[in-house]
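Me: Let's zoom in on one part of this model. Pick a single stretch, take me through it closely, and then tell me how it sits in the rest of the chain.

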Amino acid sequence: MMTEAGILGKTGLNSAGVGVTLNAIQAKGVDFDRLPTHLALRTVLESYSQQDAVQKLTKAGVASSCHITIADAQSGGIGLECSAYD
């Protein structure tokens, strides 16, 4: 897991074999009713599979623009391009 000062662990690989990376996207807009990007990444690291993580993020939504890559050994990888609007 990689982290920064003041930030919960956000990118890396958890004990269930779920990995996550982040690519920032510069786009306007933020939805304060959705998960902040760093918390969305932490949500992935607290998931048991790629599909579990995708389901959680789809339900909660991500507050701002980013590209999150999620992978596990069973399902492979998926990229989620998120924005404040969808």
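**The loop between the helices**

Reply: Let's start with Y48, which touches A16 and V18 once residues up to four places away in sequence are left out; a contact here is a pair of heavy atoms within 4.5 Å. Bear in mind that this is a predicted model, where local features need pLDDT of at least 70 and side-chain atom pairs count only at pLDDT 80 or more, while totals for chains, interfaces and linings use all residues. Numbering runs from 1 along each chain as its sequence is written, and side-chain values use heavy atoms, with hydrogens and water left out.

Y48 sits in the loop between helix 1 (37-45) and helix 2 (50-60). Helices and strands are DSSP runs numbered from the N terminus, with H or I over at least four residues for a helix and E over at least two for a strand. With a relative accessible area of 68%, Y48 is exposed. The cut-offs are under 20% relative accessible area for buried, over 50% for exposed and partly exposed in between, using a 1.4 Å probe and protein chains only. G19 is 29 residues away from Y48 along the chain, yet their C-alpha atoms are separated by 10 Å.

S49 belongs to that loop between helix 1 and helix 2 too. Ignoring neighbours within four places in sequence, S49 is in contact with V18 and D72. So V18 is a shared partner, because it turns up for Y48 and for S49. The C-alpha atoms of S49 and L13 are separated by 11 Å, with their positions 36 residues apart along the chain.

Now for the two helices that flank this loop. On helix 1, the buried residues are T37, A40, L41, T43, V44 and L45. Those residues pack against strand 1 (12-13), strand 2 (19-24), helix 2 and strand 3 (66-72). On helix 2, the buried set is Q50, D52, A53, V54 and L57. That set packs against helix 1, strand 3 and strand 4 (76-82). Strand 3 is therefore a partner of both helices' buried residues, as the packing lists show. After helix 2 comes G61, with a positive phi near 80 degrees.

Carry on past helix 2 and you reach S65, in the loop leading to strand 3. Unlike exposed Y48, S65 is buried, at a relative accessible area of 12%. Setting aside residues up to four places away in sequence, S65 touches I25, A27, C82 and S83. S65 and G19 are 46 residues apart in sequence, and their C-alpha atoms are 20 Å apart in space.

One of those S65 partners, C82, brings up the cysteines. Searching the whole structure turns up zero disulfides, a disulfide being a pair of cysteine sulfur atoms within 2.5 Å. C66 is in none, and its nearest cysteine sulfur, in C82, is 4.3 Å away. Seen from C82, that 4.3 Å to the sulfur of C66 is too far for a bond. C66 counts as buried at 1% relative accessibility, and C82 counts as buried as well, at 11%.

For another loop, look at Q74, between strand 3 and strand 4. Q74 counts as exposed, at 69% relative accessibility. Its C-alpha atom is separated from that of G17 by 9.3 Å, although the two residues are 57 apart along the chain.

Stepping back to the whole chain, there are two helices and four strands, in the order β-β-α-α-β-β along the sequence. The C-alpha trace spans about 35 × 30 × 20 Å along its principal axes. A compact globule of 86 residues would have a radius of gyration near 12 Å, and the protein agrees, at 12 Å; that radius is taken over C-alpha atoms, and the globule rule is 2.2 Å times the number of residues to the power 0.38. Buried residues make up 37% of the 86. Among contacts with a separation of 6 or more, 57% are between residues 24 or more positions apart.

On the outside, the protein exposes about 5,300 Å², with 54% of it supplied by carbon and sulfur atoms. Such areas come from the Shrake-Rupley method with a 1.4 Å probe, and for residues only the protein chains shown count as cover. As for charge, there are 6 positive and 8 negative side chains, and the centres of the two sets lie 3 Å apart. Lys and Arg count as positive and Asp and Glu as negative, leaving out His and the chain ends; each charge is placed at NZ of Lys, CZ of Arg, CG of Asp or CD of Glu.
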